[in-house]
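Work through the exercises below with the sequence and the 3D view open. Each task is followed by a solution in steps.

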Amino acid sequence: MTTIAALLQGIGEQPSSIALRESAWVYPGIETAHVLGLCLFLGLAVLLDLRLLGGALRRTPVSEFVARVMPWTWAGFALMVVTGLLLFYSDPVRFAGNVFFQIKVVLLVLAGLNAAIFHTTVYRRIASWDTSAATPRAARVAGGVSLCAWAGIVLAGRMIAYNWF
Amino acid sequence: MSLLPFFTWCHNTALSAAIRDSLWLFPVIEGVHLLALTLLGGAVLIVDLRLLGLGLRRHSVAALAGDVRPWLRIAITAIVVTGVLLFMSQARRYYDNPPFTAKMIAFAAVLLFTTTVKARAVRGDAPSGNTHQRIVGAISILLWTTVGLAGRSIGFY
């Protein structure tokens with residue numbers, strides 16, 4: 001057995017992990033919070049992506065959206081991460097072995113890299129395109145990649161529950 | 001009058017059977033339902049936060065509501081179409097499902113609220129930053145959250 005497999009199995013044998021897995025209400029409650037967090041985090045992030053694509057809120061400067069709305073997005077993101085980690089903690093071996101979970105993790109890494117590239121490149125030059133509805137190509141690419149990655153993450157996430165067996 | 005014959009009829013259509021008998025159709029439609037929920041969440045929240053005096057405060061409520069309205073319409077259309085398909089495929093099961101009933105009541109309530117009270121509060125000539133607008137924003141968020149909570153519970157019941 002590899003080290004990672006042993007580690008996952010060890011986590012899954014923790015009393016708190018077993019309690020979470022077998023709970024009648026806590027697990028569904030965490031899952032519900034995960035879905036509500038999705039609306040707060042991804043709903044607002046999607047609006048930013050649409051703004052970058054020139055499709056929504058064209059009158060709103062991109063920097064204003066980032067300054068005024070992104071704090072809410074980060075709050076939603078924190079909720080997603082905490083609830084997501086708890087769901088994983090409840091059954092690490094089964095999640096890790098689920099192909100849709102694996103797809104989701106790969107897409108999450110892709111979405112993270114895309115956001116990092118956006119903020120360290122074209123967003124550095126925000127002053128030159130902040131108020132224009134027609135955004136630079138690099139910003140449109142970032143918005144498009146983000147939309148596709150997150151759509152894939154949501155779909156793969158939903159599929160995890162249908163692929164347990 | 002009982003709605004059971006209607007639920008049974010829905011359950012027995014060829015469309016329902018096709019979704020029910022497919023291994024992947026229900027999960028995929030459910031996934032698209034979630035994607036539409038995400039877009040809906042964003043389009044609703046940006047206006048409700050503004051009504052609460054948060055978020056994009058430099059824009060008028062009316063301007064923001066107008067800017068996101070096309071996306072709100074797309075989201076609601078997608079969510080209703082996928083929702084009807086999900087319902088059709090398991091209609092008999094949802095007849096005895098209290099969370100489903102609660103969701104439909106909350107959904108009807110939020111649509112009514114949005115097209116009446118909230119529509120007036122986001123009009124161009126509506127005074128902004130007052131207590132009335134804050135209450136409208138809070139009620140809208142609460143109603144939509146109820147729809148989401150009840151919706152997620154359907155599968156647990």
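The exercises go from the whole chains to single helices and one residue of a predicted model.

**Exercise 1. Describe the build of each chain.**

Solution.
Step 1. Count the elements: chain A has 7 helices and 0 strands, and chain B likewise has 7 helices and 0 strands.
Step 2. Write down their order. From the N terminus, chain A reads α-α-α-α-α-α-α, and the pattern of chain B along the sequence is α-α-α-α-α-α-α.
Step 3. Note the extents along the principal axes. The C-alpha atoms of chain A fill a box of roughly 55 × 30 × 25 Å, while the C-alpha trace of chain B spans about 50 × 30 × 25 Å.
Step 4. Add the buried share: 30% of the 165 residues of chain A, and 35% of the 157 residues in chain B.

**Exercise 2. State how far apart in sequence the contacting residues are, and how confident the predictor is.**

Solution.
Step 1. For chain A, take the contacts between residues at least 6 apart in sequence; 82% of them join residues at least 24 apart.
Step 2. For chain B, with a separation of 6 or more, 79% of the contacts are between residues 24 or more positions apart.
Step 3. Read the confidence values. Chain B has an average pLDDT of 93, and 97% of its residues score at least 70. The complex is given an ipTM of 0.90 and a pTM of 0.92 by the predictor.

**Exercise 3. Describe the side of chain A that touches chain B.**

Solution.
Step 1. Count the residues: 27 of chain A are in contact with 27 of chain B.
Step 2. Find the helices on the chain A side. α3 (26-52), α4 (62-90) and α7 (137-160) of chain A each supply at least two residues.
Step 3. Pick out the main contributor: α3(A) gives the most, with 13 residues.
Step 4. Sort this side of chain A by class, which yields 20 nonpolar, 3 polar and 4 charged residues.

**Exercise 4. Check the length of helix α7 of chain B and find what its buried residues pack against.**

Solution.
Step 1. Helix α7 of chain B covers residues 131-154, which is 24 residues.
Step 2. At 1.5 Å a residue the expected span is 34 Å; the end C-alpha atoms are 35 Å apart, so the two values agree.
Step 3. Locate the buried residues of α7(B), among them B:Gln133, B:Val136, B:Leu143, B:Trp144 and B:Val147.
Step 4. Name the partners. The buried residues of α7(B) pack against α3 of chain A, and also against α3 (25-51), α4 (61-89) and α6 (98-121) of chain B.

**Exercise 5. Classify the crossing of α2 and α4 in chain B.**

Solution.
Step 1. The axes of helix α2 (residues 14-21) of chain B and α4(B) come within 8 Å and cross at roughly 85 degrees.
Step 2. Angles of 65 to 115 degrees count as roughly perpendicular, so α2(B) is roughly perpendicular to α4(B).
Step 3. List the residues in contact: B:Leu15, B:Ser16, B:Ile19 and B:Arg20 from α2(B), with B:Leu85, B:Met88 and B:Ser89 from α4(B).
Step 4. By class, this contact has 4 nonpolar, 2 polar and 1 charged residues.

**Exercise 6. Decide whether A:Leu107 is buried or exposed, and give its surroundings.**

Solution.
Step 1. A:Leu107 lies in helix α6 (residues 99-120) of chain A.
Step 2. A:Leu107 has 20 other C-beta atoms within 10 Å, so A:Leu107 is buried.
Step 3. Leaving out residues up to four places away in sequence, A:Leu107 touches A:Ala149, A:Gly152, A:Ile153 and A:Ala156.
Step 4. A:Val26 is 81 residues from A:Leu107 along the chain, and their C-alpha atoms are separated by 27 Å.

Definitions and conventions: Residues numbered from 1 in each chain as written. Chains lettered and ligands numbered in written order. Predicted model: local features only at pLDDT ≥ 70, side-chain atom pairs only at ≥ 80, totals over all residues. Helix = DSSP H or I, 4+ residues; strand = E, 2+ residues; numbered from the N terminus. Buried ≥ 20, exposed ≤ 12 C-beta atoms within 10 Å, placed from the backbone. Contact = placed C-beta atoms within 7 Å. pLDDT = per-residue confidence, 0-100. Nonpolar A, V, L, I, M, F, W, Y, C, P; charged D, E, K, R; others polar. Expected span 1.5 Å × (residues − 1). Axes fitted to C-alpha atoms, helices over the stretch in contact; angles between N-to-C directions. Parallel < 35°, antiparallel > 145°, perpendicular 65-115°, else oblique.
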